[in-house]
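Colleague: I am new to reading protein models and would like to go through this one with you, step by step. Could we take the empty spaces inside first and the charged pairs afterwards?

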Amino acid sequence: MASKPEQEVLTVDGREIAISNPRKVLFPEAGYTKLDLVRYYLAVAEGALGAAGGRPNVLVRYPNGIDGEFFYQKRAPESRPDWIEVVALKFPSGRTAEEVVPRDAAALAWMANLACLELHPHPVRADDLDHPDELRVDLDPVPGVEWPQIRDVAGVVRATLADFGLTGWPKTSGSRGIHVNVRIERRWVFDEVRRAALAFAREVERRAPAIATSKWWKEERHGVFIDYNQNAKDRTVAAAYSVRPKPDARVSAPLEWTEIAACDPRDFTIATMPARFATVGDRHAGIDDAVCSLEPLLELSARQAREGQGDAPWPPHYRKQAGEPPRVQPSKRRVSKHPLIEIGRAQKKEEALAGVERWRARHPEAAAHLEPADVLVDAMRGRFHTWTRVRINLQHVPEKLRPAQEPLDPDDEPSNPWAGMSVDEWRAAQARTKKPRATKAEDG
């Protein structure tokens with residue numbers, strides 16, 4: 001006779017939360033379990049709710065831990081407690097979905113029980129889905145850029161925000177970068193907020209062109225990319241206190257500006273953050289008291305447009321926008337500015353990167369000329385699953401040493417659009433007739 005699945009029942013905010021498979025290891029290297037994840041979110045609940053509470057959240061689920069497949073679940077599970085709040089969002093594709101809106105620690109514990117490592121809130125409140133209250137500045141370093149340069153760009157960001165009357169609240173991304181959130185008045189729609197973010201990114205690049213860029217296409221970037229498209233509708237980023245799928249269970253840590261110079265992103269994990277939170281509290285506790293206007297940035301945007309800087313590329317799965325430049329990667333234009341070759345496609349990032357090492361072994365002379373940023377790793381996302389594409393920019397390889405395009409190795413782009421879905425997602429997907437189209441999870 002099969003034994004009943006193990007579970008542990010926690011009482012949170014007067015509600016009983018059943019944690020299924022509480023000892024399931026989600027972080028194999030560090031040994032942290034699902035119960036450790038739940039307890040982490042309970043320990044920092046006040047701060048986490050300040051960042052993600054009252055907002056619709058995408059569920060990013062890792063049912064088999066960070067080494068297994070994960071998937072994005074926009075639709076709240078049909079089998080959920082009646083006290084879990086949801087709100088219906090309409091996406092650029094025209095589809096709608098009811099997303100989870102956490103309001104209390106019990107909701108965070110329930111989400112963690114679904115193996116939702118990350119908190120991915122939209123920049124809107126559930127009571128007004130059309131007017132963002134947050135401008136998001138995402139500092140995304142290209143490969144090879146180290147923390148000191150990211151800190152330098154953050155300093156330029158801080159000064160630029162101040163010059164435009166904006167108050168920024170920095171945090172580690174939980175990976176390699178820095179996020180800076182700005183609380184804004186709920187007066188502008190998504191397109192206006194994105195336009196302001198683009199103007200800001202271009203201004204930071206103008207002030208620090210050697211270390212910062214606003215260029216969307218990866219082969220054109222250098223230094224630290226200011227990802228203005230994180231402000232497009234339907235884009236979400238990991239919130240403050242969000243756990244990230246890193247071997248050490250790193251988290252996105254709210255900071256004071258003065259802490260950036262001395263901190264290391266590796267300092268903040270699910271093991272260390274509860275004690276920090278208990279000692280210093282929420283570094284972003286005052287963000288709602290510093291509401292700012294976007295008018296200065298929108299005036300900057302209008303001035304840039306008069307000077308010939310119009311719109312910039314949108315994420316690839318968005319409809320073509322009025323005034324947007326041609327949505328063609330430089331490497332695919334008739335006269336290519338950058339000599340790119342594609343190495344491989346795989347369901348898992350490490351398998352795609354293994355293909356790069358095999359390519360290096362076949363072409364050691366060319367490989368010797370590559371710089372870290374020349375290896376372009378693209379996270380590709382369908383509606384429910386992800387895969388990885390790897391390309392190499394041969395711009396630093398002498399022309400006579402540049403290898404030609406070879407058959408992809410590996411060539412394992414997922415072909416099953418239903419892989420990794422929950423039952424609820426499978427049913428919803430079956431009801432649609434259009435096959436999911438793979439699009440980039442992150443940037444160009």
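Colleague: Which residues line the largest cavity?

Modeller: Please keep in mind that this is a predicted model. A search of the whole structure finds two cavities of 30 Å³ or more, and the largest cavity has a volume of about 50 Å³. Its lining is made up of I341, E342, I343, W359, R362, A404, Q405, E406 and P407.

Colleague: Which element gives the most to the lining of the largest cavity?

Modeller: Two elements give two or more residues to this lining, namely β15 (340-346) and α8 (349-362). The lining as a whole divides into five nonpolar, one polar and three charged residues. With three residues, the element that gives the most is β15.

Colleague: R362 and E406 meet in a salt bridge, so how many residues apart in sequence are the parts that this pair ties together?

Modeller: The side chains of R362 and E406 meet at 2.9 Å, taken from N to O, and both residues also belong to the lining of the largest cavity. R362 is partly exposed, with a relative accessible area of 42%, and E406 also counts as partly exposed, at 24%. Because R362 lies in helix α8 and E406 in the loop between β17 (386-393) and α10 (423-430), the parts tied together are apart in sequence by 44 residues.

Colleague: Which element supplies the largest share of the lining of the second largest cavity?

Modeller: About 40 Å³ of space lies in this cavity, and among the residues that line it are R136, V137, F200 and Y228. Both β10 (134-141) and α5 (190-207) supply at least two residues of the lining. The largest share, three residues, comes from α5.

Colleague: Is E259, which meets R283 in a salt bridge, buried or partly exposed?

Modeller: The two side chains meet at 3.3 Å, N to O, and the pair links distant parts of the chain, 24 residues apart. R283 is partly exposed, with a relative accessible area of 21%. Buried means under 20% relative accessible area, and because E259 has a value of 18%, it counts as buried.

Colleague: In which helix does R39, the partner of E8, lie?

Modeller: The side chains of E8 and R39 meet in a salt bridge at 3.5 Å, N to O. E8 belongs to strand β1 and the two residues are 31 residues apart, so that distant parts of the chain are linked, and R39 lies in helix α1.

Methods. Residues numbered from 1 in each chain as written. Predicted model: local features only at pLDDT ≥ 70, side-chain atom pairs only at ≥ 80, totals over all residues. Heavy atoms only, no water. 1 Å grid on protein atoms, 1.4 Å probe; cavity = no way out; pocket = protein on both sides within 12 Å on 5 of 7 lines; lining within 4 Å. Points joined across faces, edges and corners; volume = space filled by probe spheres on them. Helix = DSSP H or I, 4+ residues; strand = E, 2+ residues; numbered from the N terminus. Nonpolar A, V, L, I, M, F, W, Y, C, P; charged D, E, K, R; others polar. Salt bridge = Lys/Arg side-chain N within 4 Å of Asp/Glu carboxyl O. Buried < 20%, exposed > 50% of the residue type's maximum accessible area, 1.4 Å probe, protein only.
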